[in-house]
Amino acid sequence: MVEFDDAFRRHLHELFVWRRDVRRFRSDPLPAGAIDRLIETACLSPSVGLSQPWRFVIVDDDARRRAVTDDFKACNADALNCYSGDRAARYATLKLSGLEQAPGHLAVFADKASDIGHGLGRATMPETTEYSVVSAITAMWLAARAEGIGLGWVSILSPDRIHAILDVPSSWKFIAYLCIGYPEIECDRPELEQAKWEHRRGADEFTLRR
Ligand SMILES: Cc1cc2c(cc1C)N(C[C@H](O)[C@H](O)[C@H](O)COP(=O)(O)O)c1[nH]c(=O)[nH]c(=O)c1N2
């Protein structure tokens with residue numbers, strides 16, 4: 001039996017406050033096995049029917065990393081075109097990936113064809129497969145921060161292109177491309193808030209009582 005005291009809870013809250021989406025990485029390499037350890041922690045996450053649908057691809061190959069970065073640049077240029085005026089000018093100043101600096105690249109997929117878990121919990125809500133994978137990424141994000149490692153989620157990518165670049169089974173649905181490394185700076189405020197793109201709102205704005 002493990003118990004968690006007030007000091008631990010306060011510390012854990014600090015972890016939530018100081019977890020950041022990181023796009024600016026130092027060039028120092030990650031310690032050997034760091035990404036594997038984060039994956040092991042992610043595998044402790046809840047999953048629908050204990051299906052563990054997460055699939056991880058550690059991307060070390062330079063050509064593949066360059067192809068992903070090129071896809072990001074193309075998708076980000078398209079995204080910029082969706083804005084106009086001041087919003088477009090502001091979007092153009094945002095740094096929205098650390099793909100070129102991060103020492104670690106990790107792609108995460110959900111295996112939609114796996115029968116692990118025997119379908120429990122998925123009949124009426126097949127999307128719970130993807131939800132399970134997202135919960136694993138969140139655990140990894142926090143575990144990384146606890147080790148001083150930053151993680152940045154990149155979704156400005158074309159899933160079909162990522163599939164082709166990484167040559168993964170067709171039943172795997174692309175969920176996230178993660179940049180992993182030591183952050184240039186630590187901050188308790190989201191970078192998009194600092195850039196005045198959006199501000200973080202309080203829980204009362206998102207909570208109904210019935
Ligand atoms: C599903 C998903 C997808 C993305 C993100 C997050 C999530 C959950 N975020 C990070 C996002 O911008 C960030 O979490 C918020 O701005 C809040 O900042 P903190 O995570 O609190 O630092 C993100 N950030 C970015 O720079 N490029 C991206 O493509 C994405 N994509």
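In what order do the elements of the protein chain run from the N terminus on? In this predicted model, the succession is α-α-β-α-α-β-α-β-α-β-α, comprising seven helices and four strands. The radius of gyration of the protein chain is 18 Å, close to the 17 Å that the globule rule gives for 210 residues, so the chain is as compact as a globular protein of that length. Along the principal axes, the C-alpha atoms occupy a box of roughly 50 × 45 × 45 Å. Of the 210 residues in the protein chain, 26% are buried. Among contacts between residues at least 6 apart in sequence, 85% join residues that are at least 24 apart.

The ligand is surrounded by Arg20, Asp21, Arg23, Leu96, Ser97, Trp153, Val154, Ser155, Ile156, Pro190, Glu191 and Leu192. Two elements, β3 (150-154) and α7 (191-194), each contribute at least two residues to this shell. By residue class, the shell around the ligand consists of six nonpolar, two polar and four charged residues.

Leu50 was examined individually. This residue is located in the loop that lies between α2 (34-42) and β1 (54-58). Leu50 counts as exposed because it has 12 C-beta neighbours inside 10 Å, the limit for this class being 12 or fewer. Between Leu50 and Asp111, the C-alpha to C-alpha distance is 13 Å, and the separation in sequence is 61 residues.

Terms used
Residues numbered from 1 in each chain as written. Predicted model: local features only at pLDDT ≥ 70, side-chain atom pairs only at ≥ 80, totals over all residues. Buried ≥ 20, exposed ≤ 12 C-beta atoms within 10 Å, placed from the backbone. Near = placed C-beta within 6 Å. Nonpolar A, V, L, I, M, F, W, Y, C, P; charged D, E, K, R; others polar. Rg over C-alpha atoms; globule rule 2.2 N^0.38 Å. Contact = placed C-beta atoms within 7 Å.
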